[in-house]
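Visitor: Could you walk me through this model and tell me how each label is earned?
Guide: Gladly; let us have it in view.

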Amino acid sequence: MKLDIDLLIAYFGGVNALAEALRRHDPEGAASTAAIYKWRTRGSLPLAQLQRLTALAEAQGRPLDLNAFLEQQPTLQRAPAQPGNSRIVVFDTTLRDGEQSPGAAMTKEEKVRVARQLERLGVDVIEAGFAAASPGDWEAVHEIAQTITESTVCSLARAVENDIRKAGEAIAPAPKKRIHTFIATSPIHMEYKLKMKPQQVIDAAVKAVKIAKEYTDDVEFSAEDAVRSDLDFLAKIFTAVIDAGATTINIPDTVGYSVPSAWYERISSIIRSVPNGSKVVWSTHCHNDLGMAVANSLAAIQAGVRQVECTINGLGERAGNASLEEIVMALKVRHDLFGLETGIDTTQIVPASKLVSSITGYPVQPNKAIVGANAFAHESGIHQDGVLKHRETYEIMSAESVGWSANRLSLGKLSGRNAFKTKLAELGIELGSEEALNAAFARFKELADKKREIFDEDLHVLVSDEMSNLTPDRYKFISQRIVTETGELPRAEIVFSADGEEQHAEATGSGPVDAIFKAIESVVQSGAELQIYSVNAVTFGTESQGETGVRLARNGRVANGQGADTDILAATAKAYLSALNKLEGGEKVKAQGGI
């Protein structure tokens, strides 16, 4: 009879937890983390160490029954954290795949703010980034790993040793951590992109998983472009990586090619064909190129996956990813059909949506399901009459259930610094220094003089705008004067700093916005092309702050800039300078096309 070493290690909480417990219990005879990994690789451990484990269990008040760890017993449960049949793991990749949207790059501080909101939302796994992409990405993942305590913090890594080790080092501080490694498995990708034979791809995947296991017991493997991969090959590579220690297997529709009925059949077939598939959590990650990412994700859930990968607002490269809010509310509203649960606090959905939109500069379309401004609006008289008499006549969920009622009055002009700081903490906003807090508070008092009612959303955009002023960006807005009169060309006179030196610029234009942009360009001469300019009200009412977005493109690079002010023309200048700053930032290493 042979002991199930994986199950035995899991009984003590995993490799790292076991090594620490042994060190405390018996410092002289304790096995190291590396030694415990070797037990798992060999499938056995020395008798002396088994005796130490028995003594440790006794000391912990839970005697060890070795009969329960014999491999031939069919009723035993395996170590990986397979959720119950009614529990869906929500894996959010807004900070990684979402950030791959053109111009949606975030600063470290912005990523931490989003991560805090995702944790408040109840997301199970936060994919914090691609640690090997750049030093800045590594620092952001590391900072999030130090900050988040309830959700699992994950880093993406190609099936390359350097990527995986950087990911492991970045997530090290997290109480719960995961490495997500991937490699392409479709014939076209293997032949033309990887230039590898199928067996070489399997060997690389297995090696990647084994290296990842040195850093965490929680390892996810994804087969990039699984939708166009051979089913027999997928079964072979999934079987191999599960044997190597993967605990989650993700089946992505990388190019958004599938449709729900076909995706259901494909997922079902794959799960059935992998002999050791019961040891892992099955997952899916769908892109929205044909507008079916959410439908395909729900079809995969019906086929047996118990983790779904998604983003806030469906953010992501090309047409985006599956929308977290739509999947979660579909499972909740149609519980009669799915019979499944998530750990999401749905009242935090709208606050998360607004925060991500504000930070990335991607406005939410008004008719977007769940989080769009019109999602609970009724124009038809028949609909209005029905809703007034009984809300459920035309609404399948309430606006309050997804957080629309969270547009609460926060503070006023008489609020003090301590109340301001406390409110920021409630919103998950932590400023790194007293200087930053003082600057944000001064900006708040200025806003309160212009706007009688300050809402949560106002504070989010205020802090975003003020934090940009504290960063060492090349361009910073100082002041401007705009003159416009019917029948005359508008004129903009702008003062801003460039590399610390004050610059004065002026220009006329076809409108005040055109004049602002031309004035800035008369000094900067960036050569960038304006692709998008947008204005949105942060809250309701004519006193609302205006939040402007500017997208610039130059030499194939795209950058989004945001600005906020009760004066939308001042916000416009801030947004343009913000986009210029991001346009001149360093390039990142891009993951192999994403998952």
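Visitor: Which residue just after α12 takes a positive phi?
Guide: Gly304 does, with a phi of about 125 degrees. Please keep in mind that this is a predicted model.

Visitor: What makes helix α12 count as mostly covered?
Guide: Nine of the 11 residues in α12 (293-303) are buried. Those nine are Ala293, Val294, Asn296, Ser297, Leu298, Ala299, Ala300, Ile301 and Ala303. The cover over them includes β6 (248-253), α11 (260-273), β7 (281-286), β8, α13 and α14 (335-338).

Visitor: Why is Ala322 called buried?
Guide: Buried means under 20% relative accessible area. Ala322 has 0%, so the label applies. Ala322 sits in the loop between β8 (307-310) and α13 (324-333).

Visitor: What is Ala322 in contact with, beyond its neighbours within four places in sequence?
Guide: Its partners are Cys286, Ala293, Val294, Ser297, Glu309, Cys310, Thr311, Gly314 and Ile327. Among these, Ala293, Val294 and Ser297 also appear in the list of buried residues of α12. Cys286 is 36 residues from Ala322 in sequence, with the two C-alpha atoms 5.8 Å apart.

Visitor: What is notable about the phi of Asn313?
Guide: Asn313 is not a glycine, yet its phi is positive, at about 65 degrees. Asn313 also belongs to the loop between β8 and α13.

Visitor: Is Asn313 buried or exposed, and why?
Guide: Its relative accessible area is 16%. The cut-off for buried is under 20%, and therefore Asn313 is buried.

Visitor: Where else is there a positive phi in a residue other than glycine?
Guide: Asn555 has one, with phi near 50 degrees. Asn555 lies in the loop between β15 (546-554) and β16 (557-565). Its relative accessible area is 77%; exposed means over 50%, so Asn555 is exposed.

Visitor: Why is Glu493 called partly exposed?
Guide: That label covers values between the 20% and 50% cut-offs. Glu493 comes in at 28%, so partly exposed is the right term. Glu493 is part of strand β12 (491-498). Not counting residues up to four places away in sequence, Glu493 touches Ser479, Gln480, Arg481, Ala505 and Glu506. The C-alpha atoms of Glu493 and Val483 are separated by 8.5 Å, and the two residues are 10 apart along the chain.

Visitor: Why does Ile242 count as buried?
Guide: Ile242 has 5% relative accessibility. Set against the cut-off of under 20%, that value makes Ile242 buried, hence the label. Ile242 is in helix α10 (231-244). Outside its sequence neighbours within four places, Ile242 is in contact with Ile249, Val274, Asn276, Gly277, Lys279 and Val280.

Visitor: Which residues touch the most other members of the largest nonpolar core?
Guide: They are Leu121, Ile183, Phe221, Ile237, Phe238, Ile249 and Trp282, in a core of 99 residues. Leaving aside neighbours within four places in sequence, Trp282 has contacts that include Phe238, Ile249, Ile251, Ile270 and Ile271. Another core lies apart from this one; it has 25 residues, among them Val524, Leu569, Tyr576 and Leu580.

Visitor: Which domains does the assignment give for the chain?
Guide: It gives domain 1 (2-71), domain 2 (89-360), domain 3 (405-468) and domain 4 (475-584). The centres of domain 2 and domain 4, taken over C-alpha atoms, are 37 Å apart. Seven residues from domain 2 and seven from domain 4 take part in the contact between them.

Visitor: How many cavities does the count give?
Guide: With a threshold of 30 Å³ or more, the count is one cavity. The largest cavity has a volume of about 50 Å³.

Visitor: Which residues line the largest cavity?
Guide: The lining is made of Arg443, Glu446, Leu447, Lys450, Gln545, Asp565 and Thr566. By type they divide into four charged, two polar and one nonpolar. Helix α18 (434-450) supplies the largest share, four residues. Domain 3 and domain 4 each contribute at least three residues to the lining.

Technical notes: Residues are numbered from 1 along each chain as its sequence is written. This is a predicted model: local features need pLDDT of at least 70, side-chain atom pairs count only at pLDDT 80 or more; totals for chains, interfaces and linings use all residues. Side-chain values use heavy atoms; hydrogens and water are left out. On a 1 Å grid over the protein atoms alone, a cavity is a set of points where a 1.4 Å probe fits but cannot get out, and a pocket is an open set with protein on both sides within 12 Å along at least five of seven lines; lining residues have an atom within 4 Å of a point. Grid points are joined across faces, edges and corners, and a volume is the space filled by probe spheres set on the points. Helices (H or I, at least four residues) and strands (E, at least two) are DSSP runs, numbered from the N terminus. Ala, Val, Leu, Ile, Met, Phe, Trp, Tyr, Cys and Pro count as nonpolar, Asp, Glu, Lys and Arg as charged, and the others, Gly among them, as polar. Domain bounds come from an automatic or database domain assignment. A nonpolar core is a set of buried Ala, Val, Leu, Ile, Met, Phe, Trp, Tyr and Cys residues joined through side-chain atoms within 4.5 Å. Buried means under 20% relative accessible area, exposed over 50%, partly exposed in between (1.4 Å probe, protein chains only). Contact means heavy atoms within 4.5 Å.
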